Amino acid sequence: MLRQVAEGVLIHESEFLQSNAIVVHGRAGVLLIDPGVQGHEMARLANDLSDSGQTVAAGFSTHPHWDHLLWHAQLGTAPRYGTARCAATVRDQLSDPGAKARITAHLLPTGIAEQVPLDLLGQITALPAETAQIPWDGPQVRIIEHQAHAPGHAALFIEERGVLVAGDMLSDVLIPMLDLNDTADPIEDYLAALRLLDDVAGDVDVLVPGHGSVGGADEVHARIDQDRAYVHALRDAHVPSDPRVGPSAKPGWEWVSDVHNGQAQRLAGRSERDTTSG
């Protein structure tokens, strides 16, 4: 089920929202980034790794949204990491006894609610603040932390392989989705994150978004520019000229227009409140 995208780096694209799980080969096992969504896919991934003589040496969640916090018992008990802010957010979320029930309710319309194992949800270890590399016995994986999409969101740059794991950014099917919850300036947060990704873009040969298609070196700057143009349009209350929104959206992804409309309305509301309070 795994497809190689670079030396020692493989991915599995889920049937649900084109979610990408990433496997990085190390010297004593693999690093598993955002392992998947449906239980049967994660179990098959575990079996494939076992059949090839590999075990999971470490896991990493790019950010504190449920679809990036899942795990399967067959993947083992390796440490699962996240940034300090990501892990703190997860702890706060799971302190609510109704959190898992709400995820299940949210998934009911999708038809996969029974296929999503929540028993090991969010059991991640916080890396110390400002940690620059994932601690594991394999290729160096640089942590590029920012606050664009969620608290403690991290893109990962596997420098020796030229692979950028972008988390929920730089997708060809999803527009930038801003963190509009208790953030002072979500627009600037997103633009700052894009600048960080721009800093490494010239060294990237393979781009793996959290959802959507893998891109080559020729697509990295183009996707950054597209995301920046969308955020600028959102900031300026313009209708975005973006193929991911409206009639040009990929079949099955028409709902992304609803995401855009919701973001635009919430930002307009914030602007009105700021004007009134000022």
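Mentor: A residue counts as buried under 20% relative accessible area, as exposed over 50%, and as partly exposed in between. The model under discussion is a predicted one.

Trainee: Is Leu-127 buried or exposed, and what is its relative accessible area?

Mentor: Leu-127 lies in the loop between β7 (125–126) and β8. Not counting residues up to four places away in sequence, Leu-127 touches Phe-60, Tyr-81, Gly-82, Thr-83, Ala-84, Pro-135 and Ile-143. The cut-off for burial is 20%. Leu-127 is therefore classed as buried, its relative accessible area being 6%.

Trainee: Which residue in β9 does Ile-143 stand opposite?

Mentor: Strand β8 (residues 141–146) and β9 run antiparallel and are joined by six bridges. Within β9, Ile-158 is the bridge partner of Val-141. The residue opposite Ile-143 is Leu-156.

Trainee: How many of the six residues of β9 are buried?

Mentor: In a regular strand, side chains alternate between the two faces of the sheet. On one side of β9, His-153, Ala-155 and Phe-157 are buried, and on the other Ala-154, Leu-156 and Ile-158 are buried, so that both faces are covered. The strand is largely enclosed by the rest of the structure because the number of its residues that are buried is six of the six.

Trainee: Which residue in β10 does Phe-157 stand opposite?

Mentor: Three bridges link β9 to strand β10 (residues 163–165), and the two run antiparallel. Four residues separate the strands of this hairpin, where Gly-162 takes a positive phi near 65°. Opposite Phe-157 stands Leu-164.

Trainee: What positive phi does Gly-152 take in the hairpin of β8 and β9?

Mentor: The antiparallel strands β8 and β9 form this hairpin, with six residues between them. Gly-152 takes a positive phi there, with a value near 70°.

Trainee: From which element does the largest share of the largest nonpolar core come?

Mentor: Nonpolar side chains tend to be buried together in soluble globular proteins. Of the 33 residues in this core, Leu-164, Met-169, Leu-170, Tyr-190, Leu-197 and Ile-224 touch the most other members. At least two residues each come from β9 (153–158), α4 (186–201), α5 and α6 (256–277). The largest share, eight residues, comes from α4.

Trainee: How many residues make up the second, separate core?

Mentor: In the first core, Leu-164 is in contact with residues beyond four places in sequence, including Ile-144, Leu-170, Leu-197 and Val-208. Ala-46, Ile-112, Leu-120 and Leu-121 are instead among the members of a second, separate core. The number of residues in that second core is 29.

Trainee: How far does helix α5 reach from its first C-alpha to its last?

Mentor: Helix α5 (residues 217–235) has 19 residues, and its expected reach at 1.5 Å a residue is 27 Å. Its buried residues include Val-220, Arg-223, Ile-224, Asp-227 and Val-231. The reach in the model is close to the expected one, at 28 Å.

Trainee: Is Ala-237 buried or exposed, and what is its relative accessible area?

Mentor: Ala-237 is found in the loop between α5 and α6, just after α5. Although not a glycine, Ala-237 has a positive phi of about 60°. The cut-off for exposure is 50%. Ala-237 is therefore exposed, its relative accessible area being 71%.

Trainee: What is the relative accessible area of Leu-17?

Mentor: Leu-17 has its place in the loop between β2 (9–13) and β3 (20–25). Its phi is near 55°, a positive value in a residue other than glycine. Leu-17 is partly exposed, with a relative accessible area of 29%.

Trainee: How much space lies in the largest pocket?

Mentor: The lining of this pocket has 34 residues, and those nearest the centre are His-65, Trp-66, Asp-67, His-106 and His-149. At least two lining residues come from each of α2 (84–94), α3 (99–107) and α6. The space in the largest pocket is about 1,000 Å³.

Terms used
Residues numbered from 1 in each chain as written. Predicted model: local features only at pLDDT ≥ 70, side-chain atom pairs only at ≥ 80, totals over all residues. Heavy atoms only, no water. Expected span 1.5 Å × (residues − 1). Buried < 20%, exposed > 50% of the residue type's maximum accessible area, 1.4 Å probe, protein only. Core = buried A, V, L, I, M, F, W, Y, C linked by side-chain atoms within 4.5 Å. Contact = heavy atoms within 4.5 Å. Pairing = 2+ DSSP bridges. 1 Å grid on protein atoms, 1.4 Å probe; cavity = no way out; pocket = protein on both sides within 12 Å on 5 of 7 lines; lining within 4 Å. Points joined across faces, edges and corners; volume = space filled by probe spheres on them.
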